[in-house]
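Welcome! Have a look at the sequence and the 3D view, then work through the exercises below.

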Amino acid sequence: MKISIRNAEKEDIEGIMCVEHDSFHSNIAENADTFLERIETLPNGFLVMEINEEIAGYISSELWDYSENINIEKFKLGHSITETHKNDGKELYISSIGVLEKYRGRGYGNTLFSELVSRICSKYEISSIVLIVSENWHAAKRIYEKSGFHEIQIIKCFFDDDEKSDAIVMRKQI
Ligand SMILES: CC(C)(COP(=O)(O)OP(=O)(O)OC[C@H]1O[C@@H](n2cnc3c(N)ncnc32)[C@H](O)[C@@H]1OP(=O)(O)O)[C@@H](O)C(=O)NCCC(=O)NCCS
């Protein structure tokens, strides 16, 4: 099995969208334009994992100015990265991660997550990492808790999925 992790390119969009639709309820899946803008704005912040030349997973991120109390508008799905990203921001915001269902439970999500964090922290001056997760996304929550993230805020009924699930905002200081 040939596995590699590299910066995403615009040509990967079809594979990235397959992962997105395999990973999220249709109401909360991002669209291709949102991803293309992320790839263009911060290429180092968007990684894909390829398994035998198939896009098996992706992770995307932005750099934000640190703020103790984050304006929840910044988490809005479908927001433009150009409105929130700051090239010299000290906080890494992980906007999304997904792995094709057929490859889940083998450690790939963990690997992709750690790889993004380590690549970004070696290239930029990062002092904290923030993300949101649904209370129902158990595998993702496990990854974040294991790597030292703590809950800092709950946004009630944030996700427009069947359960109208809450978003848990999690942060880790570096
Ligand atoms: C989140 C996701 C990317 C993780 O990818 P993965 O390859 O399945 O993750 P891993 O195999 O690395 O497992 C991560 C951890 O979650 C645990 N886990 C997996 N499924 C779980 C479940 N249903 N309940 C609790 N823990 C679970 C694993 O045991 C592992 O923990 P461990 O290292 O202590 O054993 C993947 O599940 C996914 O795409 N989910 C749908 C999209 C999503 O929820 N994205 C998160 C956005 S915040």
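A pocket is an open set of points, on a 1 Å grid over the protein atoms alone, where a 1.4 Å probe fits, with protein on both sides within 12 Å along at least five of seven lines. A molecule sits in a pocket if more than half of its atoms lie within 2 Å of its grid points. This is a predicted model, in which local features need pLDDT of at least 70 and side-chain atom pairs pLDDT 80 or more, while totals for chains, interfaces and linings use all residues. Residues are numbered from 1 along each chain, and side-chain values use heavy atoms, without hydrogens and water.

**Exercise 1.** Find where the ligand sits.

*Solution.* Start with the pockets: the ligand occupies the largest pocket. Next, look at the elements (DSSP runs; helices are H or I of at least four residues, strands E of at least two). Those giving two or more residues to the shell are β4 (91-99), α4 (108-123) and α5 (138-146). The largest share, seven residues, belongs to α5.

**Exercise 2.** Find backbone atoms in polar contact (N or O atoms within 3.5 Å) with the ligand.

*Solution.* Begin at G105, where a polar backbone atom is 2.9 Å from a ligand oxygen. Move to R106, whose backbone N or O atom lies 3.2 Å from a ligand oxygen. Finish at G109, with 2.8 Å for such a pair.

**Exercise 3.** Classify the ring pair F35 and F46.

*Solution.* Rings pair if their centres lie within 6.5 Å; planes under 30 degrees apart are stacked, over 60 edge-to-face, the rest tilted. Here the centres are 5.7 Å apart and the planes at 80°, so the pair is edge-to-face.

Notes
Polar contact = N/O pair within 3.5 Å; in protein donor to acceptor, adjacent residues only side chain to side chain. 1 Å grid on protein atoms, 1.4 Å probe; cavity = no way out; pocket = protein on both sides within 12 Å on 5 of 7 lines; lining within 4 Å. Phe/Tyr/Trp six-rings, centres within 6.5 Å; stacked < 30°, edge-to-face > 60°.
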